[in-house]
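Q: I would like a close look at one part of this chain, and then at how that part fits with the rest. Could you walk me through it step by step?

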Amino acid sequence: MHCEKCIELFVEYTDGEMDPEQVARLEEHLSDCPPCLDFLKSYKKTGPVCKEALKQEMPSSMKSSLSQFLRDELQ
Ligand SMILES: [Zn+2]
């Protein structure tokens, strides 16, 4: 699973609306990807505001800067 896909799934994940198979794949990614785990933690903390923002279609510029950020974190 790619980081971008993982982040897109956070809304469903935190809502508990995800099917168990996807939850397993997401958690597998999170266990192996600290930046995404950190992002999920801050996502949970910021709560509704961030959730609404993620429910909107994320602008491609935001997506690319986010994935750039994640790549930097991984290095
Ligand atoms: Zn990731």
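A: Let's start with Glu4, which sits in helix H1. This is a predicted model, so keep that in mind as we go along. Is Glu4 buried, exposed or something in between? With 15 other C-beta atoms within 10 Å, Glu4 is partly exposed, because a residue needs 20 or more to count as buried and 12 or fewer to count as exposed.

Now look for the partners of Glu4. Setting aside neighbours within four places in sequence, Glu4 is in contact with Lys63 and Ser67. Ser67 is a nice one to find on your screen: Glu4 and Ser67 are 63 residues apart in sequence, yet their C-alpha atoms are 6.7 Å apart in space. That fits a wider pattern in the chain, where residues 24 or more positions apart account for 65% of the contacts with a separation of 6 or more.

Those partners lead us to helix H6, which covers residues 60–74. The 15 residues of H6 should span 21 Å at 1.5 Å a residue, and its end C-alpha atoms are 21 Å apart, so the two values agree. H6 lies largely in the open, because the number of buried residues among its 15 is one.

Stay in the H1 region and move along to Ile7. Leaving out neighbours within four places in sequence, Ile7 is in contact with Cys36, Phe39 and Leu66. Ile7 also belongs to the largest nonpolar core, a group of eight residues made up of Cys6, Ile7, Phe10, Tyr13, Leu26, Cys36, Phe39 and Leu70. Helix H1 (3–8), helix H2 (10–15) and helix H4 (34–46) are the elements that give two or more residues to this core.

Between H1 and H2 there is a loop, and Leu9 is found there. Leu9 has 19 other C-beta atoms within 10 Å, so it is partly exposed, given that 20 or more would make it buried. Not counting residues up to four places away in sequence, Leu9 touches Met18, Gln22 and Leu26. The C-alpha atoms of Leu9 and Leu26 are separated by 7.9 Å, although the two residues are 17 residues apart along the chain.

One step further on is helix H2, where you will find Glu12. Glu12 counts as partly exposed, with 15 C-beta neighbours inside 10 Å. Beyond its neighbours within four places in sequence, Glu12 is in contact with Glu17 and Met18. You can also pick out Val23, which is 11 residues from Glu12 along the chain, with 9.4 Å between their C-alpha atoms.

Next comes helix H3, residues 20–31. Its 12 residues should span 16 Å at 1.5 Å a residue, and the end C-alpha atoms are 16 Å apart, which agrees. H3 is hardly covered, with one buried residue among its 12.

Finally, step back to the whole chain. It has six helices and zero strands, and read along the sequence the pattern is α-α-α-α-α-α. Buried residues make up 11% of the 75 residues.

How far can you trust the picture? The mean pLDDT of the chain is 83, and 83% of its residues reach 70 or more. Among the elements, H3 has the highest mean pLDDT, 94, while helix H5 (residues 48–55) has the lowest, 63. Where pLDDT is low, the predicted coordinates should not be read in detail.

Terms used
Residues are numbered from 1 along each chain as its sequence is written. This is a predicted model: local features need pLDDT of at least 70, side-chain atom pairs count only at pLDDT 80 or more; totals for chains, interfaces and linings use all residues. Helices (H or I, at least four residues) and strands (E, at least two) are DSSP runs, numbered from the N terminus. Two residues are in contact if their C-beta atoms, placed from the backbone, lie within 7 Å. A nonpolar core is a set of buried Ala, Val, Leu, Ile, Met, Phe, Trp, Tyr and Cys residues joined through C-beta atoms within 7 Å. The expected span of a helix is 1.5 Å times one less than its number of residues. pLDDT is the predictor's confidence in each residue, from 0 to 100.
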